[in-house]
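Subject: Structure for your review

Dear colleague,

Please find below the structure that I am handing over to you. My notes on it follow directly after.

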Amino acid sequence: MRFDADDGVVKIKHKIIIMVCAVFILAACAGGYTYYRMTHFNKHVEINGINVGAMSADNAVNHLKKRSVSNNVYLNNKLFFHGKKTASGFTAADTAKIKKLVQKQWTWFPSKKTVSYQIVPSKMSNYRQKVVRQKVKELLTQKNLTRQQAVDAAATLEYGKISVSAPKSGKQYDVDAIMREFDKKQELASIKLTGTIKQPLTAQSKKVTEEKTKLNSLAQRSVAYKVQQTTYNLAAKDVLSKVTYSNCKYQIEQAGILKEVDQINQKQATLKKSISFKTHAGKQVTVAGGTYGWALKASDAVKSITTAFVKDTKQIDASSDIYGVGYLTYGTGYSNTANNGLGTTYAEVSISDQHAWFYKDGKEVYSTEIVTGKHSTNEDTPTGLWYVMYKQSPSTLKGSEAGNSNYSVKVNYWAQFTNSGCGFHDASWRTDWSSTAYLKNGSGGCVNTPSDHMESVYNNLSQGEPVVVY
């Protein structure tokens with residue numbers, strides 16, 4: 001057999017041509033496939049919950065433009081809020097963003113993996129943000145009204161000891177957490193939320209740790225409370241019965257401080273207390289009742305002491321915490337510590353002697369006979385510890401007495417000392433100044449004073465001065 005070299009060359013050339021064509025065809029197919037893969041989504045790709053699998057960017061935009069969103073909200077896979085449908089909001093202006101997603105999701109080989117993307121459409125309706133979001137939040141809040149509330153662990157200070165209560169789980173929704181999830185999903189066709197339950201703070205939480213620190217600081221404090229000349233050192237561990245710390249503020253119960261204030265009042269206050277009084281004649285008598293005196297007003301004292309503890313004020317004075325009764329509601333005699341709280345300047349009225357004495361700095365400066373309230377008609381001048389409420393000169397006295405239901409008389413001097421309207425005044429109409437006149441011919445309750453003595457009496461009296469009637 002004869003072998004032709006030219007035929008072999010031809011055959012080789014044909015094979016080469018075939019191979020080149022095959023490579024070219026394969027390259028073209030590979031290029032076309034690659035181009036297709038790079039310009040189209042994988043099969044299981046979603047944008048805002050809408051499937052765009054196998055679509056090009058342009059097709060995906062057209063598909064998204066045609067779709068509407070339900071605006072339904074699901075909580076734990078159950079319909080929670082039924083919204084009205086709105087347009088998806090996608091326009092041609094979103095093409096560039098979607099092309100970037102095509103590039104982002106591209107893989108060499110087709111992927112069956114589900115991929116979800118969220119983008120904000122160029123013309124997204126504000127219905128969700130302004131209506132749906134508000135309604136969902138309102139519904140969650142309303143639901144919580146009938147669901148058990150969680151109880152946080154909390155620190156408490158009781159008489160110097162700090163304890164932490166155990167937390168208690170509840171069933172209320174964590175509205176803030178759920179709304180944060182809503183905000184992350186608000187571009188989706190329908191929003192599926194998890195009904196997150198609000199969990200209580202534990203003893204190890206930052207908040208409880210801060211509470212313990214603040215309460216421990218308070219427990220170390222003390223307040224020096226000065227009442228007249230006596231100072232009471234009030235230690236937090238002794239007087240603070242119960243304290244908690246919340247919202248950057250101490251909440252201090254009053255019981256422990258009230259107890260201290262009550263003890264101070266029992267020891268020092270003079271209001272409505274009986275005292276042993278040494279009369280002009282040197283006899284000791286017990287006098288009780290009346291309006292003279294002072295006491296710590298519990299609410300004011302508690303506030304002052306509480307504020308001092310909170311602000312860590314080392315010493316405070318009680319003078320702004322006192323009160324009284326009658327005309328001078330801020331109290332009388334707080335500066336008097338001598339003579340059982342009467343001090344050394346006062347007026348003394350003896351009903352049995354029908355006489356009055358007036359003292360300044362412990363010395364008698366004036367005295368006069370008087371006529372007190374009519375005994376036979378039970379209009380006696382009230383006994384007790386009183387004070388000069390106010391003075392007036394001249395004055396018109398109006399009132400009633402036995403046998404005279406409505407009187408009005410003018411006097412030159414008037415110094416009232418009881419709430420019922422009794423006081424010192426001149427009585428120019430009186431002719432009977434005997435020591436027994438008060439029995440059947442006394443006044444309507446006032447201390448009638450001779451006209452020629454009343455000016456001196458008036459001048460020796462001052463507002464707030466004690467008046468002892470016995």
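Over the ring of which residue does the charged end of Lys391 sit? It sits over the ring of Tyr458, 4.3 Å from the centre of that ring. Please keep in mind throughout that this is a predicted model.

Tyr458 also takes part in an aromatic pair with Tyr413. Their ring centres are 5.0 Å apart and their planes make an angle of 50°, and the pair is classed as tilted. Tyr413 lies in the loop between strand 26 (404-411) and strand 27 (414-416), whereas Tyr458 belongs to helix 11 (residues 451-459). The two residues are 45 apart in the chain, and the pair thus links distant parts of it. Both Tyr413 and Tyr458 are buried. A second charge placed over a ring is that of Arg430, whose charged end sits over Trp433 at 5.9 Å from the ring centre.

Next, I turn to a sheet and the helices beside it. Strands of a sheet pair through backbone hydrogen bonds, in either a parallel or an antiparallel sense. Here, an open sheet of three strands follows the order 12-11-18, and its pairing is mixed. Strand 12 (230-235) and strand 18 (315-317) are the edge strands, each pairing on one side only. From one strand to the next, the twist averages 25°. Strand 11 (residues 222-227) runs parallel to strand 18, and three bridges join them. Ala224, for example, has Gln315 of strand 18 as its bridge partner. Helix 9 (residues 298-311) packs on this sheet and touches strand 11, strand 12 and strand 18, its direction making about 145° with that of strand 11. Helix 8 (residues 255-268) lies across strand 11 and strand 12, and runs at about 165° to strand 12.

The nonpolar cores come next. In soluble globular proteins, nonpolar side chains tend to be buried together. The largest nonpolar core in this model has 34 residues, of which Tyr225, Leu240 and Phe309 touch the most other members. Helix 9 gives the most to this core, contributing five residues. Beyond its neighbours within four places in sequence, Leu240 is in contact with Leu157, Glu158, Tyr159, Leu218, Ile252, Ile257 and Phe309. Another core, of 23 residues, lies apart from the largest one and includes Ala347, Trp386, Tyr413 and Met454.

One of the contacts of Leu240, Ile252, leads to a hairpin. Strand 13 (residues 243-246) and strand 14 pair in the antiparallel sense over four bridges, and Thr244 has Gln251 in strand 14 as its bridge partner. Two residues stand between the strands of this hairpin, where Asn247 takes a positive phi near 55°. Along strand 14 (residues 249-252) the side chains alternate. Tyr250 and Ile252 point to one face and are buried, while Lys249 and Gln251 point to the other and are not.

Finally, some further aromatic pairs deserve your attention. The count of aromatic pairs comes to 10. Why is the pair of Tyr245 and Tyr250 edge-to-face? Their planes lie at 65°, and planes over 60 degrees apart count as edge-to-face; the ring centres are 5.0 Å apart. Tyr245 counts as buried because its relative accessibility is 9%, and the limit is under 20%. Tyr250, at 17% relative accessibility, therefore also counts as buried. In addition, ring pairs link Phe277, Tyr346, Tyr359 and Tyr470 into a cluster.

Yours sincerely,
A colleague

Conventions. Residues are numbered from 1 along each chain as its sequence is written. This is a predicted model: local features need pLDDT of at least 70, side-chain atom pairs count only at pLDDT 80 or more; totals for chains, interfaces and linings use all residues. Side-chain values use heavy atoms; hydrogens and water are left out. Two strands pair if DSSP finds at least two bridges between them. Axes are lines fitted to C-alpha atoms, for helices over the stretch in contact, and angles run from 0 to 180 degrees between N-to-C directions. Contact means heavy atoms within 4.5 Å. A nonpolar core is a set of buried Ala, Val, Leu, Ile, Met, Phe, Trp, Tyr and Cys residues joined through side-chain atoms within 4.5 Å. Buried means under 20% relative accessible area, exposed over 50%, partly exposed in between (1.4 Å probe, protein chains only). Rings of Phe, Tyr and Trp (its six-membered ring) pair if their centres lie within 6.5 Å; planes under 30 degrees apart count as stacked, over 60 as edge-to-face and the rest as tilted. A charge sits over a ring if NZ of Lys or CZ of Arg is within 6 Å of the ring centre and within 35 degrees of the ring normal.
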